[in-house]
Amino acid sequence: MPAGQLLCGALFSADPLTSWLASTALSHAILNSREQQEALVRVQLSAGPDQPPVSLSQQLTSFLSHSLGQTRLGILQFLAIWCADCSQAVAVFLQEGKLVSTLQLLLDGSPSDNLSILIKG
């Protein structure tokens, strides 16, 4: 099984530490590598043999809206690095439309929420 497939599987793990470590590893793998960032735009994932594939960007947006704590921070870190110098990734996320509203909801979180404070910086 290729390393990328293992990391993508771990990225969507129910275990927060596993998910965070996978997002950190993927972030480092694509950091300053436009070729790798652009390749991720084409990645398709499937939850099972009978499930239709969805793009990595769609899966990340969906997972981000349902994740908590460490997992959410790892995904946000990964998204920031992926979109930093990759106009294709930015275009895909804007075209899908759900990421912007999900990020707005995260940023508008409760002021007493510790995670909200970490996300805002």
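Me: Buried means under 20% relative accessible area, exposed over 50%, and partly exposed in between (1.4 Å probe, protein chains only). At 9% relative accessibility, does Cys 8 count as buried or exposed?

Reply: The model is predicted: local features need pLDDT of at least 70, side-chain atom pairs count only at pLDDT 80 or more, and totals for chains, interfaces and linings use all residues. Residues are numbered from 1 along each chain as its sequence is written, and side-chain values use heavy atoms, leaving out hydrogens and water. The relative accessibility of Cys 8 is 9%, so this residue counts as buried.

Me: Which helix gives the most residues to the lining of the largest pocket?

Reply: A pocket is an open set of points on a 1 Å grid over the protein atoms alone, where a 1.4 Å probe fits and protein lies on both sides within 12 Å along at least five of seven lines; lining residues have an atom within 4 Å of a point. The lining includes Gln 5, Cys 8, Gly 9 and Phe 12, together with Leu 45 and Pro 52. The greatest contribution, 3 residues, comes from a helix (a DSSP run of H or I, at least four residues, numbered from the N terminus). That helix spans residues 3-11 and is H1.

Me: How many disulfides does a search of the whole structure find?

Reply: A disulfide is a pair of cysteine sulfur atoms within 2.5 Å. For Cys 83, the closest cysteine sulfur is that of Cys 86, at 7.2 Å, and therefore too far for a bond. Over the whole structure, the number of disulfides found is 0.

Me: Which element provides the largest share of the largest nonpolar core?

Reply: A nonpolar core is a set of buried Ala, Val, Leu, Ile, Met, Phe, Trp, Tyr and Cys residues joined through side-chain atoms within 4.5 Å. The largest one has 26 residues, and Leu 56, Leu 60, Leu 79 and Trp 82 have the most contacts inside it. Elements giving two or more residues to this core include H1, H4 (56-66) and H5 (69-84). With 7 residues, the largest share belongs to H5.

Me: What is the relative accessible area of Ser 19?

Reply: Ser 19 lies in helix H2. Beyond its neighbours within four places in sequence, Ser 19 is in contact (heavy atoms within 4.5 Å) with Ala 10, Leu 11, Ser 13, Phe 63 and Thr 71. Ser 19 is classed as buried because its relative accessible area is 0%.

Me: What distance separates the C-alpha atoms of Leu 6 and Ala 22?

Reply: Leu 6 belongs to helix H1 and, at 49% relative accessibility, counts as partly exposed. Leu 6 and Ala 22 are 16 residues apart along the chain, and their C-alpha atoms are separated by 8.8 Å.
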